[in-house]
Amino acid sequence: MPNTLNPLELIARRWQPSAAFVRRAALATVVLAVIIVVTGGAVRLSQSGLGCSTWPKCTPDSLTPTAAMGINGLIEFGNRMLTYVLCAVVGLFIIAARARHPRRRSLTRLGWAQFWLVMSNAVIGGITVLTGLNPYIVSSHFLAATALLTVAVLSWKRASEGDEEPRDLVARPARQLSWLLVAATGALTVIGTVVTGTGPHAGDAKKVHRIPLNWQEVTQLHVDFVYIVVGLSVALWFTLRAVKAPAAPRRTLLELFACIAAQGVIGYVQYFMGLPEIVIGLHMLGSALVWIWVLRVCLSLRDRGPLQEEDPGEPVLSGEPAAKEPQAASALSR
């Protein structure tokens, strides 16, 4: 029987995207992941968390919001529709990564990981509605979105570098310090979701169950971890200077300082102004940007060789291994 090709293989035979196109598609997944985080916050801050009373439909009798539901129904339903846009962008990245020659399985795996994270987060979002905005489910919804953002950033980085074995650009203790920074920032993000679960913005005007902890004490713990992240960032800066790290990681770390400083200002403004919704929304955007730059700092401290920008030969048919070209000198990808 003749071999049948799946749709991705058929596309790969007829379309050869450039390396730059794959990078742009990967960057688009990062942008959409950030938008999902921010719009999800807008749903909560506008008290639209139950704008659609059920899931997967908006009401028991209607797939879309009705006029009687007002602006809250439109906001909640609009956020749901963004999931389809995100799926389309992730799908484009998967197709582009698969069609690119030589084939890079690591990129397609990252693309599929994003797809399944989107699907799982959609289900978590549905459970959030069905449980009446249970704060623990709301927190897991945000953390799943952060996991999606993490994989999107990894995809963006891998689309810009080669496939050699990772090589440290700095001494191992400096790399370990960067991983400690990632861990501390991750803990900061988790604690931030607890602050949300204890704070006044529950996501709906009706009485919603909250995490039974003192909001101000949890907020203080969140601030303490901010200082830990700042301290680790400063320590990493001096360490990179001491070991004469390449300029690119140090520049990325400076960009992280700018993100942290802006986020700190926003955090204090929202606290002393009594948690205005628009400032909290900016704080959620800032948290996503800080996480992106922390990951970029960590990933910039290792090198996987240069990206092969052009296909050196004929397209590789399904099941045939790509010819291995001599490796060029390692260079830090941007």
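This passage goes through the fold of a predicted model, its helix packing and a few backbone details.

Starting with the overall picture, the protein chain has 334 residues, and 44% of them are buried. The secondary structure comes down to 9 helices and 2 strands. Read from the N terminus, the order is α-α-α-α-α-β-α-α-α-α-β, so a strand follows helix 5 and another strand closes the series. As for contacts, take the pairs with a separation of 6 or more: 78% of these join residues 24 or more positions apart. The accessible surface adds up to about 17000 Å², and carbon and sulfur atoms hold 66% of that.

Helix 9 is a good place to look at the packing, with helix 2 and helix 8 both against it. Helix 2 covers residues 19-45 and helix 9 covers residues 277-299; their axes come within 9 Å of each other and cross at roughly 155°. Since angles over 145 degrees count as roughly antiparallel, that is the label for helix 2 against helix 9. The handedness of this crossing is right-handed. On the helix 2 side, the contact is made by Val-30, Val-34, Val-37, Val-38, Gly-41, Arg-44 and Leu-45. Facing them from helix 9 are Glu-277, Ile-280, Gly-281, Met-284, Leu-285, Ala-288 and Ile-292. By class, the residues of this contact split into 10 nonpolar, 2 polar and 2 charged.

Then there is helix 8 (residues 247-272), which packs on helix 9 at an angle of about 160°, again with 9 Å given for the axes. This pair is roughly antiparallel too, but here the crossing is left-handed. Helix 8 brings Thr-252, Leu-253, Glu-255, Leu-256, Cys-259, Ile-260, Gln-263, Ile-266, Gly-267, Val-269 and Gln-270 to the contact. The helix 9 partners include Val-279, Ile-280, His-283, Gly-286, Ser-287, Val-290, Trp-293, Val-294, Arg-296 and Val-297. Sorted by class, the contact has 14 nonpolar, 7 polar and 2 charged residues. Ile-280 turns up in both lists, meeting helix 2 as well as helix 8.

Zooming in on one residue of that second contact, Thr-252 sits in helix 8 and is buried, at 8% relative accessible area. Setting aside neighbours within four places in sequence, Thr-252 touches Trp-293, Arg-296 and Val-297. Val-294 is 42 residues away from Thr-252 along the chain, yet the C-alpha atoms of the two are 8.8 Å apart.

Two other helix residues are worth a look. Ser-178 belongs to helix 6 (residues 172-198) and is buried, with a relative accessible area of just 2%. Beyond residues up to four places away in sequence, Ser-178 makes contact with Leu-236, Cys-298 and Leu-301. Of these partners, Cys-298 falls within the residue range of helix 9, and Leu-236 within that of helix 7. Helix 7 (residues 215-242) also holds Val-230, a partly exposed residue at 31% relative accessibility. From Val-230 to Phe-257 the C-alpha distance is 8.1 Å, with their positions 27 residues apart along the chain.

On to the backbone oddities, which lie in loops. As a rule, most peptide bonds are trans, and most residues other than glycine have a negative phi. One cis peptide bond links Trp-55 to Pro-56, with omega at about 5°; Pro-56 is in the loop between helix 2 and helix 3 (70-99). Another cis bond links His-101 to Pro-102, with omega at about -5°, and Pro-102 is in the loop between helix 3 and helix 4 (105-130).

Positive phi values show up at Gln-47 and Leu-133, neither of them a glycine. For Gln-47, phi is near 60°, and the residue is located in the loop between helix 2 and helix 3. For Leu-133, phi is about 65°, and the residue is located in the loop between helix 4 and helix 5 (135-158). Their surroundings contrast: Gln-47 is partly exposed, at 41% relative accessible area, whereas Leu-133 is buried, at 5%.

Note on methods: Residues are numbered from 1 along each chain as its sequence is written. This is a predicted model: local features need pLDDT of at least 70, side-chain atom pairs count only at pLDDT 80 or more; totals for chains, interfaces and linings use all residues. Side-chain values use heavy atoms; hydrogens and water are left out. Axes are lines fitted to C-alpha atoms, for helices over the stretch in contact, and angles run from 0 to 180 degrees between N-to-C directions. Helices (H or I, at least four residues) and strands (E, at least two) are DSSP runs, numbered from the N terminus. Angles under 35 degrees count as roughly parallel, over 145 as roughly antiparallel, 65 to 115 as roughly perpendicular and the rest as oblique. A crossing is left-handed if the near helix is turned anticlockwise from the far one by less than a right angle, and right-handed if clockwise. Contact means heavy atoms within 4.5 Å. Ala, Val, Leu, Ile, Met, Phe, Trp, Tyr, Cys and Pro count as nonpolar, Asp, Glu, Lys and Arg as charged, and the others, Gly among them, as polar. Buried means under 20% relative accessible area, exposed over 50%, partly exposed in between (1.4 Å probe, protein chains only). Accessible areas come from the Shrake-Rupley method with a 1.4 Å probe; for residues, only the protein chains shown count as cover.
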